[in-house]
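Let's poke at this fold through a few quick questions. Grab your viewer and follow along.

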Amino acid sequence: MDYEKMLTKGALRSIKNDERVQCPVMQVIDIKELSKNLVYNNNNIIMKSYILSVSDGENIMNSVEMNIGLNRMVSTRELSKFSIIKINRYMITNSVAPAKQPRKGIIFTDLVVVVSGSIVFKTIGNPQPIIYNIEPMLRTEASVQTVQVYEEIRVLHTKHHIWRSLIETEQYSRLLTVGALQFIVNNVEVKYPVMQILGIKQVTSDYLGIIKYRLMISDGQHYSTLVMLATQLNNMITESYIKKFSIIYIRSYAVSQLSATNKKLILILDLICLDVCLDRMIGDPKPVVEHSGQVVENSIPASTDEIPEPSVEMGTSAPPTSPIDPDQEVENLPLNLDMLHIS
């Protein structure tokens with residue numbers, strides 16, 4: 001998903017140049033906690049506050065203060081690193097240090113989270129620090145221009161609530177898109193399937209020494225070990241966001257043909273890892289079978305070390321479009337539609 005279209009590019013520069021920007025949309029790059037000791041009625045009181053680093057997609061600004069009335073958003077993890085936020089109200093402050101020019105500060109007094117940080121999971125674009133004394137680039141409207149982009153965000157928000165409900169009630173089997181692998185290996189596109197990871201094996205290229213990861217995934221009914229993770233997602237494994245038995249929401253994938261066996265290999269291009277910790281396999285999945293009768297895998301390996309390394313022709317073509325989405329219940333759940341500017 002192109003989150004960059006959501007951000008109000010140029011907003012920070014305009015704000016620093018005394019231009020008023022109506023409800024800008026930005027991304028939180030970092031959150032730091034500060035503790036202040038206050039004395040009230042001869043009692044020491046520790047007051048917590050949070051300092052944000054935010055980006056509008058073009059520029060980044062550190063030391064943005066957040067009103068203490070919004071602290072609960074951080075403590076409840078509603079607001080986190082990489083979150084996309086809409087700032088409903090903000091204030092400008094001026095501070096003067098000795099022998100220095102006055103500097104403007106920003107305090108966010110009211111905001112809403114548009115997209116959770118766990119969904120975005122990365123810095124959007126390549127924002128740069130603001131260079132002062134440059135003419136402002138005034139863009140006062142959020143740059144979401146299409147209903148299609150907003151619809152994707154709406155569905156993700158709704159699914160996030162569904163996942164949370166199922167996780168809280170431990171209905172883990174209902175998280176998975178049962179039957180998705182059967183469709184995928186038979187050239188039918190499945191929109192945003194949810195799978196469980198049963199195994200991870202590191203694979204190193206003989207020629208370039210590039211580290212890749214091969215996965216064993218299950219939809220609760222079938223499993224396949226012919227799955228590779230795109231190299232740009234390697235940090236999700238090295239930083240332990242993805243582990244054995246993790247549940248993932250696959251946002252984008254491609255299907256390639258193995259040169260030796262003509263079996264299908266799935267390349268995961270983009271994903272979200274659900275916030276749930278499991279120590280077991282969901283269901284009793286069987287090897288997935290193509291319409292040709294080929295069994296994609298013969299048995300579940302006892303460990304990931306038993307997964308062989310494939311000889312793969314990595315194509316970039318997407319599967320044919322015969323879209324299915326078994327999670328139709330998302331259409332029936334309410335959502336606050338007044339979250340973004342839609343033109």
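Q: Which residues do ring pairs link into a cluster?
A: This is a predicted model, where local features need pLDDT of at least 70, side-chain atom pairs count only at pLDDT 80 or more, and totals for chains, interfaces and linings use all residues. Residues are numbered from 1 along each chain as its sequence is written, and side-chain values use heavy atoms, with hydrogens and water left out. Rings of Phe, Tyr and Trp (its six-membered ring) pair if their centres lie within 6.5 Å, with planes under 30 degrees apart counted as stacked, over 60 as edge-to-face and the rest as tilted. Here, the linked trio is Trp 163, Tyr 192 and Tyr 249.

Q: How many residues apart in sequence are the parts that the Trp 163 and Tyr 249 pair ties together?
A: The two rings sit edge-to-face, 4.9 Å centre to centre with 65 degrees between the planes. Trp 163 is in helix α4 and Tyr 249 in strand β10 (DSSP runs numbered from the N terminus: helices are H or I, at least four residues; strands are E, at least two), so the separation in sequence is 86 residues.

Q: Is Tyr 192 buried or partly exposed?
A: Buried means under 20% relative accessible area, exposed over 50%, partly exposed in between (1.4 Å probe, protein chains only). Tyr 192 stacks with Tyr 249 at 5.7 Å centre to centre and 20 degrees between the planes. Tyr 249 is buried at 1%, but Tyr 192 has 25%, so call Tyr 192 partly exposed.
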